[in-house]
Amino acid sequence: MPLGPETHTAGPPSRRVHQAGQSGHTGQAGQSGHTGQAGQSSHTGQAGQSSHTGQAGQSSHTGQAHPTSHTGQISQTSSATHQPGRQPAARRHRQPAARPHRQPAARPTRRPGPAPQSRGRGATRIGVALLLPAVFLALTACGSGAEETDGGVGSASSTGAVTPTPEPTVESDAREVAAQTPRIAYTYDGGIQVRDATTLELVADIPLAGFNRLNPAGDGRDLIVSTQGGFQVLDLGVWQTGHGDHFHYYTAQPSLTDQIFPAQTPGHVVSHDGWTALFDDATGQVTIFESAEAQDPDRELRQYTAPAAHHGVAVLVDGTLVVSQGAAEGRTGAQALDVDDAVLASSSDCPGLHGAGVAADEAVVLGCADGALVYRDGVFTKLTAPAEAGGISGIAATEDSPIALGDYAVEGAVQDKVALIDTAAGTIRLVQLPSAYYGFNDFTVVDGAIGAVLGLDGQLHLIDLAAGAVTGSYPVIGAWEAPENWQAAAPKVLLLEGMLYITDPATRQIHVVDPATGKIWKSVALDVVPLELAGAAGDAEAEHDHEEDHAEDHDHDEEGEEP
């Protein structure tokens with residue numbers, strides 16, 4: 001149903017937390033000649049810590065935030081007394097306590113399923129390599145079907161030991177703040193910049209050569225950078241610790257960590273329900289880990305290698321691994337594997353498989369050149385595109401709705417329709433948009449009810465998913481053209497904490513849009529041309545010893561309450 005208007009008196013518009021899992025184009029490796037160099041963590045991106053100055057500490061990559069283009073001023077989040085020196089535990093575990101500052105929808109009860117550490121053949125505990133051999137391979141363009149090397153035979157166990165990294169360094173710059181502090185990050189030619197998602201002030205500028213892609217790690221704190229040599233963990237430096245009926249919030253300087261998952265051609269990254277799956281296109285190897293342990297060098301990994309290398313994708317649902325099947329020439333379908341990699345179900349009826357998302361009731365949606373493939377309740381079901389022969393290659397889905405949003409393209413025709421994939425009804429409906437669109441990370445789903453698509457006319461088109469109708473179109477940026485090269489700068493759309501962040505490479509700006517009204521809430525001018533875009537909510541939960549650690553820092557009243 002359409003979203004009604006909201007009135008905002010101070011501070012940001014009410015932030016919502018139902019985030020669409022758009023993974024149809026995430027984590028694609030760059031082309032040769034634009035590959036990044038890993039291992040920049042020891043000397044990169046140290047931004048000033050003094051009251052959000054927004055001045056990056058690296059002289060060659062500094063960036064001042066220019067609020068002159070702001071369309072609306074808000075009250076800044078108040079600062080709490082900073083307490084440096086916090087030492088978060090290596091492992092972070094979720095705590096079910098409700099957040100005092102916002103009311104998220106109740107998360108579906110997590111079905112335990114077979115976890116990687118309970119693998120029948122024994123999970124291999126592997127540290128991620130710190131030192132990587134230089135790899136200079138032509139990385140695969142998204143959906144290009146470029147030639148890849150052959151992979152090994154599928155295996156239930158991991159493929160060889162990896163040199164462990166040292167224990168993470170203590171976060172001596174950790175500071176307690178008054179509220180949860182989401183951050184956004186975007187790549188540019190030469191590095192990654194990080195900004196406060198509320199104030200839009202620059203927090204860090206991290207040099208990193210080459211074309212790099214950003215993907216959520218799934219833990220609310222980290223990003224996975226698809227870069228030269230593998231998937232590298234970028235710590236955005238925002239998290240929280242639970243304490244009874246409330247949380248304490250912390251920030252630290254963002255940094256490119258030394259945690260790297262080696263990969264020859266890092267491809268798709270898909271996070272779902274606390275698990276993150278990485279796909280190496282060059283080898284067909286899938287690596288799965290608990291999202292909360294992205295920075296833990298002693299994390300347990302589940303690994304699987306497809307029979308043939310291909311530009312693939314994988315997602316873990318309830319302990320079942322849903323993974324694409326194919327070869328260098330293209331993808332043909334998918335399989336569902338149990339904890340021992342035995343085949344539970346399979347389908348070869350998804351030519352050109354690309355993109356994955358998870359809708360309500362753990363329904364996995366995969367894009368096909370002639371429709372969509374849905375895995376639900378142990379069965380694959382093919383949904384054929386209606387009327388005209390069109391394909392889907394990008395998926396935006398959320399567990400709050402059985403309806404996923406997909407791009408929809410017919411060869412030789414203008415791309416001006418989107419596909420509503422109803423996993424419960426088993427249907428695909430097409431919605432005509434007022435404008436053509438690019439279909440590459442420029443659409444998402446808000447609150448499970450509203451589809452948001454940035455058109456080539458520069459307007460944000462909002463779609464009622466249940467009704468299958470456009471409810472409004474709102475100007476955000478100027479008209480633009482879809483680039484021929486997917487790596488070229490183009491506007492991106494990110495949903496973070498209920499707000500839409502939209503990049504405009506042409507004017508070097510980022511706009512924050514309230515999807516409830518379609519209006520720009522805030523904008524910031526950049527000193528770089530933004531490429532990839534991702535963010536972290538700051539709701540990662542660090543392990544916290546309530547009886548010992550917290551008691552040392554705070555005095556409690558008789559009822560043990562604390563604001």
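Which residue stands opposite Val365 in E22? In this predicted model, the residue facing Val365 is Val374. That pair is a handy way into the sheet around it, so let's start there.

**The sheet around E21**

E21 covers residues 363-368, while E22 takes in residues 371-376. The two run antiparallel and are joined by five bridges. They belong to an open sheet of four strands, ordered E20-E21-E22-E23 and paired antiparallel. At the edges sit E20 and E23 (379-384), each pairing on one side only. Going from one strand to the next, the twist averages 20°. As background, strands of a sheet pair through backbone hydrogen bonds, either parallel or antiparallel.

**The disulfide**

Searching the whole structure turns up one disulfide. Its partners are Cys350 and Cys368, with sulfur atoms 1.9 Å apart. The pair links distant parts of the chain, 18 residues apart: Cys350 lies in the loop between E19 (343-347) and E20 (354-359), and Cys368 lies in E21. If you care about the torsion, it is -105° about the S-S bond, which makes the link left-handed.

Are these cysteines buried or exposed? Buried means under 20% relative accessible area. Cys350 has 0%, so it is buried, and Cys368 has 1%, so it counts as buried too.

**E34 and its two neighbours**

Further along the chain is E34, residues 509-514. Six of its six residues are buried, so the strand is largely enclosed by the rest of the structure. In a regular strand the side chains alternate between the two faces of the sheet. Here both faces are covered: Gln509, His511 and Val513 are buried on one side, and Ile510, Val512 and Asp514 are buried on the other.

E34 pairs antiparallel with E33 (residues 499-504) and also antiparallel with E35 (residues 519-525). Here are the two pairings next to each other:

| Strand pair | Bridges | A bridge pair | Residues between strands | Positive phi |
|---|---|---|---|---|
| E33 and E34 | five bridges | Ile502 and His511 | four residues | Arg508, near 55° |
| E34 and E35 | six bridges | Val513 and Ile520 | four residues | Gly518, about 80° |

Both pairings are hairpins. In the hairpin of E34 and E35, Gly518 sits in the turn and has the positive phi; in the hairpin of E33 and E34, a positive phi is taken by Arg508. His511 and Val513, which bridge to Ile502 and Ile520, are both among the buried residues on one side of E34.

Key: Residues are numbered from 1 along each chain as its sequence is written. This is a predicted model: local features need pLDDT of at least 70, side-chain atom pairs count only at pLDDT 80 or more; totals for chains, interfaces and linings use all residues. Side-chain values use heavy atoms; hydrogens and water are left out. Buried means under 20% relative accessible area, exposed over 50%, partly exposed in between (1.4 Å probe, protein chains only). Two strands pair if DSSP finds at least two bridges between them. A disulfide is a pair of cysteine sulfur atoms within 2.5 Å. Axes are lines fitted to C-alpha atoms, for helices over the stretch in contact, and angles run from 0 to 180 degrees between N-to-C directions.
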